[in-house]
Amino acid sequence: MALDAPVGLPVREAAAFGGLGVVVIGLDLGTSGVKAVAVDSGGVIQAQATTPLAVSRPQPLWSEQDPQDWIAAAEAAICALPEAIRRRTRAIGLSGQMHGATLLDVRDKALRPAILWNDGRSGRECRALEAAAPDLVAITGNRAMPGFTAPKLAWVRAHEPEVFAATRRVLLPKDYVRLWLTGETVSDMSDSAGTLWLDVGRRDWSDVLLAATGLTRDHMPRLVEGSAVSGVLRKPVAETLGLPQVPVAGGGGDNAASAVGVGAVAPGQAFVSVGTSGVIFIADDAFRPNPGRGVHTFCHALPETWHRMSVTLSAASAIDSVARLAGFSSTAEAVANLGDGQPDDPLFAPWLSGERTPHNDPSASGVFVGLTHATTREALVRAALEGVAFALADGFEALGSPQVEALSVVGGGTRIAGLGPLLAAALGRPLVYRDGGETAAALGAARLAWMALEGEVAEPLRRPGQVLRELTPDKELAGRLALRRAVWRRLHPALSQTFQELSP
């Protein structure tokens with residue numbers, strides 16, 4: 001697959017770096033692209049670059065990427081940073097899309113395309129896994145869902161036995177990039193908590209759960225905390241990237257890294273993320289599992305810290321899809337002149353890749369309800385924004401966290417015009433937009449790199465990003481949405497059987 005050229009976004013000209021000190025690089029392997037940011041000791045992003053990625057969907061419910069594309073994109077993004085910055089780099093931190101299954105042979109070569117977090121093929125394997133390991137929920141704090149890594153391996157074991165037999169090691173996406181960078185097979189606690197192989201309370205692999213999928217600890221990477229050193233950049237890679245041989249931090253799964261990036265690390269601090277998927281994240285100081293209604297409980301990227309999380313699998317990606325179906329050239333064009341919604345506007349359920357919280361239903365699919373001859377394409381896009389807001393509000397309620405007073409906002413979807421007021425009104429909480437929110441995962445990875453380098457971080461790095469603006473819920477809008485959401489919430493119970501019948 002050919003990669004597009006990286007988009008470099010230097011915040012300061014390279015010539016201005018003569019008087020600057022050292023920087024670290026935060027590298028975020030997302031689903032739609034790899035982002036590299038260079039951050040100084042004051043927490044200021046000095047430069048950034050992004051290289052796009054594509055997702056392959058060869059069959060219904062499938063979602064895959066070629067691991068070699070991650071390497072090519074990571075190299076391109078780092079090399080797009082100004083040379084003067086790269087020479088001053090003293091550490092690298094990693095963040096990445098969670099749950100992806102990267103299967104390697106005895107020579108650490110990928111045996112097949114990686115199966116991604118939003119792949120829904122392993123529903124049957126989830127049910128079988130919970131039956132085979134009755135203590136799974138107690139050990140992991142989570143129900144088995146197709147998005148997690150263990151059910152993917154169970155699917156490979158059943159449907160591609162020759163691949164499973166040849167599998168010597170299983171790595172998560174960012175940890176495959178780490179293997180290229182350092183030659184080390186290592187993962188961090190926050191990312192590994194999303195595999196269904198980790199004893200999340202003990203922060204260690206579970207032999208019981210590994211055995212349930214025919215694996216052992218020998219198949220797993222070594223575990224470190226996100227703020228610890230995981231390895232050192234290999235000399236050939238350092239030369240290719242124009243970097244010194246610097247340490248690489250453990251890093252974190254994208255959501256835990258985003259929390260570090262916006263300062264959501266103390267109990268009750270929370271953020272809402274709008275990217276390919278949508279997430280509500282709440283930090284905790286202890287392991288407090290609540291697997292009902294599809295809530296996730298994972299390790300945070302910092303020692304002795306955990307978090308709860310709700311996930312809607314299609315957020316900005318659902319809005320993008322509706323904008324395309326409605327005939328707009330881009331999402332930006334689609335949301336530019338939407339106008340106010342009408343009481344008879346259609347409703348939209350954004351379950352284009354199935355759904356996690358609160359339904360845990362991989363068979364769920366996208367739905368428009370209430371179409372008429374008078375429905376306009378603008379009404380379809382309004383319904384998409386509203387549906388994403390409703391799905392995130394469902395997840396927030398499932399978390400059961402009335403103590404959350406406000407939510408920081410992260411993710412590229414925050415730029416979608418008109419979505420913010422809907423989110424604030426549906427969630428019933430102020431939304432806080434912070435400096436660095438759009439690059440929170442990469443910024444968090446950089447902060448973890450500083451911690452690995454120095455053992456602790458300076459005060460500017462511990463503070464949340466500067467508040468750019470705060471969006472408070474509009475009471476009138478909240479009242480209108482409440483009426484529509486009451487109808488919207490009846491869609492899944494009414495259609496769940498239909499979804500199962502239509503599912504491949």
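Buried means under 20% relative accessible area, exposed means over 50%, and partly exposed lies in between, with a 1.4 Å probe and protein chains only. The model on this tour is predicted, so local features need pLDDT of at least 70 and side-chain atom pairs count only at pLDDT 80 or more, while totals for chains, interfaces and linings use all residues. Residues are numbered from 1 along each chain as its sequence is written, and side-chain values use heavy atoms, with hydrogens and water left out.

**The whole chain**

Begin with the whole protein chain in a cartoon view, where there are 19 helices and 25 strands; helices (H or I, at least four residues) and strands (E, at least two) are DSSP runs, numbered from the N terminus. The radius of gyration, taken over C-alpha atoms, is 22 Å, close to the 23 Å that the globule rule gives for 504 residues, so the chain is as compact as a globular protein of that length; the rule itself is 2.2 Å times the number of residues to the power 0.38. Along the principal axes, the C-alpha atoms fill a box of roughly 65 × 55 × 45 Å, and 60% of the 504 residues count as buried. Contact here means heavy atoms within 4.5 Å, and among contacts between residues at least 6 apart in sequence, 73% join residues at least 24 apart.

**Helix 1 and helix 7**

Next select residues 67-79, which form helix 1, together with residues 173-182, which form helix 7: their axes come within 10 Å and cross at roughly 65 degrees. Such axes are lines fitted to C-alpha atoms, for helices over the stretch in contact, and the angles run from 0 to 180 degrees between N-to-C directions. The crossing of helix 1 and helix 7 is right-handed, which is the term used if the near helix is turned clockwise from the far one by less than a right angle. Show side chains to see the contact, made by Pro67, Gln68, Trp70, Ile71, Ala74 and Glu75 of helix 1 and by Pro173, Tyr176, Val177 and Trp180 of helix 7.

Now keep Val177 selected, since Val177 and Trp197 have the most contacts inside the largest nonpolar core, a group of 84 residues. A nonpolar core is a set of buried Ala, Val, Leu, Ile, Met, Phe, Trp, Tyr and Cys residues joined through side-chain atoms within 4.5 Å. Helix 1 supplies the largest share of this core, 6 residues. Leaving aside neighbours within four places in sequence, valine 177 is in contact with Leu27, Leu29, Trp70, Ile71 and Ala74. A second, separate core of 56 residues includes Ile280, Phe328, Phe390 and Leu423.

**Helix 14 and helix 15**

From Leu423, widen the selection to helix 15, residues 419-427, where 8 of the 9 residues are buried, so the helix is largely enclosed by the rest of the structure. Among these buried residues are Leu419, Gly420, Leu422 and Leu423. Helix 14, residues 377-399, packs against helix 15 at an angle of about 35 degrees, with the axes 9 Å apart, and the crossing is right-handed. The helix 14 side of the contact is Leu385, Glu386, Ala389, Leu392, Ala393 and Phe396, and the helix 15 side is Leu419, Leu422, Leu423, Ala426 and Leu427. Following helix 15, glycine 428 has a positive phi, near 70 degrees.

**Stops in the loops**

Most residues other than glycine have a negative phi, and most peptide bonds are trans. Select leucine 61, in the loop between strand 4 (45-52) and strand 5 (64-65), where phi is positive, about 75 degrees, although the residue is not a glycine; at 30% relative accessibility, leucine 61 counts as partly exposed. Then move to leucine 196, in the loop between helix 8 (189-192) and strand 11 (198-199), which has a positive phi of about 70 degrees but counts as buried at 2% relative accessibility.

Proline 358 is the next stop, in the loop between strand 21 (347-349) and strand 22 (367-369); a cis peptide bond joins threonine 357 to this proline, with omega about 5 degrees.

Finish at arginine 112, in the loop between strand 7 (102-104) and strand 8 (114-115), which is buried with a relative accessible area of 10%. Beyond neighbours within four places in sequence, the contacts of arginine 112 include Trp62, Glu64, Pro67 and Glu160.
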